[in-house]
Structure formats: structure tokens, C-alpha cells
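This report is meant to be read with the sequence and the coordinates side by side. Please keep both in view while going through the sections.

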Amino acid sequence: MFGRLADVAGWRERSLAETPATLFALRALLSEESPALGAALAGKGVQVAVAKAIVRGDVALAAGVEVAFLAPMSGG
Amino acid sequence: MTVRLTTEPFDPGVLLAEFSAGRAETGAVVTFTGIARASDGQVERLELEAYPGFTDTEIERIASATKARFSLHAVLIVHRHGEIAPGEAIVFVATAAAHRRAAFQAADQLMDYLKSRAPFWKKEHGPDGARWIEPTDQDMADAKRWD
């Protein structure tokens, strides 16, 4: 979880014993645990990176893959 | 092309001297230095989060496209992450080209990109607590000018 998403989640990083088959299944799992986090993940400007590459829509997740939820970005 | 992420303070003058050295054919070097603002005492420190292995690759991808678009001779981007005090430099961008306009435009484009699309997350800590800074509509519009 990056940016404000880590504050909403109350954690930055965690490992799941079993990798959900798809990104949508992972989202559903996280929303079920915390509806507030589920809503934040579906918020405007939130992007997702799987294995450090931006993805759009649903994708299959390989076992143990790293999934990052990225809040709107701001540098400089 | 060099992209460097660092948690240590840096000296923009030293970076400029190194970047400009030995450029008999370059003609134009433009630099931009972004400095953390205190905002009338409302900001005591900035916390900038990066995603190692992702943030650097994304910036390299954009810098490489900018280099090609403006036929740059060289690009240097140095970006802080971690804790930053007001008055310290956060970002340094240098572009080298045969003529000034390409160097100016490339530096402008890289900064517009870094403000709203580079993978950093910025939190301001002040006397009233902490708040996340997200790109403004203006930042988004600035970046869109180059698409």
C-alpha cells in the first residue's frame, strides 16, 4: 500500500499464505476484511502494479507475486 | 541518461558543475531545482515515499522518451526520498541540448511529469499534524500538455 492507502489499511505490506487467482479476487478479499480499504482502493486515481508493472482491469496473479496499490502520485 | 534516487541531501551546484563539464558540442544546459517549502511554518518536514525498483524504472522510461523527443545530449535527474527539511533540495533536473529551446522544453516536460505522474507519495508534517499531498488539477493539466 502506497501513500494514503497505507494509512487507510493500517499496514503497508503483508504476505498472504495463498495468492488469490486474480487481481479482482484479491480486491474482493481486501474489501471483505475492510470495506473502508475496499472503497479507498476503488477511489479516483488509484493504480495497481503487479510485479512492478502497471496493470489495468483484471489480471491473473501468479503464486507469490507482488501486488502494489498506488495512491495518486506526487513528486518534485 | 542518469536517474538517481537518494535519501541524502545533495548540492545542486556540484551536480550542475559535473553535468556541464566537457560539453564542447552541447551549447545549452538547463537545470531546475525544486526546494522543500516551509509554507509559513506550516511544514516542519516532508516525507517522500518511493517504490524502489518501480519508481526508478518509471522515471528512466520517461526520461528516455524525453531525451529522444528533444534530441538531448544528456539528462540527469536526482530525486530525494525519505525525510526532507524545508530549504533542502528535493529534485534536480538537468538537460543538455545543442540549442536552448530544446533544453528548456525538456526540463519543463520532465518537471511536469515528476509532479503528477512519477511514483512518489508526499506527506507534509506540521504543527497541526500530517497530510498527504496529491497532485492538483493544475498539475494534471500541466502534464497533459505534453501527451
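What follows describes chain A, then the contact between the two chains, and then selected parts of chain B.

The model is a predicted one, and local features are described only where pLDDT is at least 70.

**Chain A**

Chain A contains 3 helices and 3 strands, and along the sequence these elements follow the pattern α-α-α-β-β-β. The radius of gyration of chain A is 12 Å, close to the 11 Å that the globule rule gives for 76 residues, so chain A is as compact as a globular protein of that length. Its C-alpha trace spans about 35 × 25 × 20 Å along the principal axes. Of the 76 residues in chain A, 22% are buried. When contacts in chain A with a separation of 6 or more are considered, 59% of them are between residues 24 or more positions apart.

The strands of chain A form an open sheet of 3 strands in the order β2-β1-β3, with antiparallel pairing. The edges of this sheet are β2 (53–55) and β3 (67–70) of chain A, each of which pairs on one side only, and the twist from one strand to the next averages 35°. Strand β1 of chain A, residues 47–50, pairs with β2(A) in the antiparallel sense over 3 bridges; within this pairing, V50(A) has A53(A) in β2(A) as its bridge partner.

**The contact between the chains**

Across the interface, 22 residues of chain B are in contact with 13 residues of chain A. On the side of chain B that touches chain A, at least two residues each are supplied by β6 (89–97), α3 (100–116), β7 (120–126) and β8 (129–133) of chain B. The largest share of that side, 4 residues, comes from α3(B). Sorted by class, the side of chain B that touches chain A has 13 nonpolar, 4 polar and 5 charged residues.

**A sheet and a helix of chain B**

Two of the elements just named, β7(B) and β8(B), also belong to an open sheet of 4 strands in chain B, which has the order β5-β3-β7-β8 and antiparallel pairing. The edge strands here are β5 (82–84) and β8 of chain B, each pairing on one side only, and neighbouring strands are turned by 25° against each other on average, direction ignored. Strands β7(B) and β8(B) run antiparallel and are joined by 5 bridges, while a hairpin connects β7(B) to β8(B) through 2 residues. In this pairing E124(B) stands opposite R131(B) in β8(B), and K123(B) has W132(B) in β8(B) as its bridge partner.

Helix α3(B) has 17 residues and reaches 25 Å from its first C-alpha to its last, close to the 24 Å expected at 1.5 Å a residue. Among the buried residues of α3(B) are A102(B), A106(B), L110(B), Y113(B) and L114(B), as well as the polar or charged Q109(B), K115(B) and S116(B). The buried residues of this helix pack against β2 (28–35), α2 (55–69), β4 (74–80), β6 and α4 (137–144) of chain B.

**Individual residues of chain B**

One of the strands that receives the buried residues of α3(B) is β4 of chain B, and R80(B) is placed in that strand. Is R80(B) buried or exposed? R80(B) has 25 other C-beta atoms within 10 Å, and because 20 or more count as buried, this arginine is buried. Leaving aside neighbours within four places in sequence, R80(B) is in contact with T6(B), T7(B), L48(B) and I90(B). The C-alpha atoms of R80(B) and R117(B), which are 37 residues apart along the chain, are separated by 16 Å.

Two serines deserve a check of their backbone angles. Most residues other than glycine have a negative phi. S39(B), although not a glycine, has a positive phi of about 50°, and S71(B) likewise has a positive phi, near 45°. S39(B) lies in the loop between β2 and β3 (45–50) of chain B, whereas S71(B) is found in the loop between α2 and β4 of chain B. The table gives the C-beta counts for these serines and for R80(B).

| Residue | Other C-beta atoms within 10 Å | Class |
|---|---|---|
| R80(B) | 25 C-beta atoms | buried |
| S39(B) | 10 C-beta atoms | exposed |
| S71(B) | 11 C-beta atoms | exposed |

Terms used. Residues numbered from 1 in each chain as written. Chains lettered and ligands numbered in written order. Predicted model: local features only at pLDDT ≥ 70, side-chain atom pairs only at ≥ 80, totals over all residues. Pairing = 2+ DSSP bridges. Axes fitted to C-alpha atoms, helices over the stretch in contact; angles between N-to-C directions. Contact = placed C-beta atoms within 7 Å. Expected span 1.5 Å × (residues − 1). Buried ≥ 20, exposed ≤ 12 C-beta atoms within 10 Å, placed from the backbone. Rg over C-alpha atoms; globule rule 2.2 N^0.38 Å.
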